Amino acid sequence: MGLKLSRRQFVGSTTALSLMAIIPRGLLAASSSAQKVVVRSDAEIGAVRPEFHGHFAEHLGACVYGGLWVGKKSPIPNIDGYRKQSVEYLKELGVPVLRWPGGCYADDYHWRDGVGPVEQRPKRVNIHWGGYVEDGSFGTHEFIGLCRLLGAEPYLAGNVGSGSPRELRDWIEYCNMPSGSTLAEERIKNGAAEPFRVRYWGVGNENWGCGGWMRPEVYANLYRQFSVYIREYGGIEPFLVASGPNGNDRRWTRGFMDTLDGGVPGGLSMHYYEGGPDRSTEFSADHMSQQLSIFKKVEDAVVEQRAILDGYRDGRKVGLILDEWGVWDKIPEADEKRYGKLWMQSTMRSAVAAGLGLNIFNRLADKLFMCNIAQIVNVLQSLLLTDGPEGKSCIRTTTYHAFALFKPHRSKTAVRVETQDASPLGVSVSASKAGEELVITLVNPRHDADVELDCTIWNACNTFENPNSVVLQSQPVKMEAARLRMELPRLSVATVILKTE
Ligand code: AHR
């Protein structure tokens, strides 16, 4: 909702703009009084990098095959093999950055398996995700083609666990060297006259787990070795992303940085999932609150990991990347059989979770570099769902709509917000400004503990039969002098855009 506010009222209030978020009566034990929220439009935090709204696509279930890529001969409407509806929805939302091919899959992926004539590409078993035979038909060229269609910055995850420094070195040359070398000429022969200009390169993934089950010191030594062979081609300086901690694993980050002893990476990839014990559409109230409370820990973890990095020589130069995040609910086998591995519905609870995460990124804009939700289509907290890899339907999830609500923040400057209730389930708010526009996003993660729970609220989702049961709608707000009053219903995500005159 846009509001008109005079410049004097807005700018003249040099200290703060007050905003009242009212919790409806009867919802909370202490809910009768309005909760005060202060947006300090004068206290800048840092840029809301569009990369905070980044994405991740892995060769897992129906994410790549079926979700993004259906093949050129598919009866499903496609653009040169890419699922048309997915491309359209994602383009509309805007995908600032896309990470591929994993995940765990990355450390068992050999890029050469995915270039050259499709029929000659070797067939490999995807050992991490279901043991199906992967035909390599979606490889580097196909990925770059998708990024170009979406306008996304490509982010390739290299193989450290079962790969070699040479393999990563060659992949970078193949992608970025304009012409003249054997690898560049091979890319040109394979149909890409223009270099791919890939800037972001992951050096392994979760090398504490599926990426080789290493100790941080072992991984740090490998990182040092791999990084020696990385070069700039065609003016593109590779930005290396090292494998970072699982959640707030301080030992990993310290062990890595201690052993590294200089030569810091451009980024450190931290993964933090918010698990839940119930099936997505069957969450109990308690489990929902437990899951949503994890976001407070995520916020603390980012602050702490940033502080650890900052304590090292050149540590401040390392961009902290929340490379995989999102709710990870219980996934019944029957759903996986029908729709694909890790296929998960996104409910109103998931939208609230997305809003909590995205608000944190704004509030910690000075501490983060990039954040990629897991994953873009059909896997975990996805933006889109298809009814199986071969299904014709493709719908936008509640998480998609939550991302859409945060889009106005992109490239603005995050500003401080003070809230009364700092508890994990307190109202979550963030704000950003640019020119005459102030964007405020508000999330209420509470449900009514005192009244009968209305399961349709947090288990509401978009289904193939009813793809628009959760959509964006406008909410009335009142402006009184420099004070904004609005009702923020339980389990809701909202954006307010104020315009000065
Ligand atoms: O996103 C699913 C998996 O979660 C990824 O493959 C891995 O990196 C993480 O454990």
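What separates Glu 88 and Lys 84 in helix α2 (residues 84-93)? In this predicted model, the two residues stand four residues apart in the helix, and the separation therefore amounts to about one helical turn. An α-helix has 3.6 residues a turn, so residues three or four places apart point the same way. The pair is joined by a salt bridge, with 3.0 Å between the closest N and O atoms. Both partners have some contact with the outside: Glu 88 is partly exposed, at a relative accessible area of 36%, and Lys 84 is likewise partly exposed, at 34%.

A second helix offers a companion case. In helix α4 (residues 165-176), Arg 169 and Glu 173 are again four residues apart, or about one helical turn. Their salt bridge brings the closest N and O atoms to 2.8 Å. Here the partners fall into separate accessibility classes: Arg 169 is partly exposed, with a relative accessible area of 27%, whereas Glu 173 is buried, with 9%. The assignment of Glu 173 follows from the cut-off, because buried means under 20% relative accessible area. This pair also belongs to a wider arrangement, as salt bridges with shared partners connect Arg 166, Arg 169, Asp 170 and Glu 173 in one network.

These contacts are among the 28 salt bridges that the structure holds. Another of them links residues that are far from neighbours in the sequence: Glu 44 lies in strand β3 (residues 35-47) and Lys 433 in strand β19 (residues 428-434), so their pairing ties together parts that are 389 residues apart in sequence. The N to O distance between the side chains of Glu 44 and Lys 433 is 3.3 Å.

Attention now turns to the ligand. Its surroundings comprise 14 residues, of which Glu 58, Cys 104, Glu 206, Tyr 273 and Glu 324 come nearest. By residue type, the shell divides into seven nonpolar, four polar and three charged residues. Two strands, β13 (267-279) and β14 (319-330), each contribute at least two residues to this shell.

Several polar atoms approach the oxygen atoms of the ligand. An N or O atom in the side chain of Glu 206 is 2.8 Å from a ligand oxygen. For Cys 104, a polar backbone atom is involved, at 2.9 Å from an oxygen atom of the ligand. Gln 375 places a polar side-chain atom 3.0 Å from a ligand oxygen. On its own the ligand has 280 Å² of accessible area, and the protein covers 93% of this.

Burial is also a feature of helix α11 (residues 398-406). Eight of its nine residues are buried, so the helix is largely enclosed by the rest of the structure. The buried residues of α11 are Thr 398, Thr 399, Tyr 400, His 401, Ala 402, Phe 403, Leu 405 and Phe 406.

The surface provides a contrasting picture. Val 125, Ile 127 and Val 133 form a nonpolar patch there, together presenting about 280 Å² of accessible area. Within this patch, Ile 127 is located in the loop between β8 (124-125) and β9 (133-134). With a relative accessibility of 57%, Ile 127 counts as exposed, because the cut-off for that class is over 50%.

Methods
Residues numbered from 1 in each chain as written. Predicted model: local features only at pLDDT ≥ 70, side-chain atom pairs only at ≥ 80, totals over all residues. Heavy atoms only, no water. Patch = residues over 30% accessible without salt bridge, like charges linked within 9 Å, V, L, I, M, F, W, Y side chains within 5 Å. Areas by Shrake-Rupley, 256 points an atom, 1.4 Å probe, with all protein chains shown as cover. Salt bridge = Lys/Arg side-chain N within 4 Å of Asp/Glu carboxyl O. Buried < 20%, exposed > 50% of the residue type's maximum accessible area, 1.4 Å probe, protein only. Near = heavy atom within 4 Å. Polar contact = N/O pair within 3.5 Å; in protein donor to acceptor, adjacent residues only side chain to side chain. Nonpolar A, V, L, I, M, F, W, Y, C, P; charged D, E, K, R; others polar.
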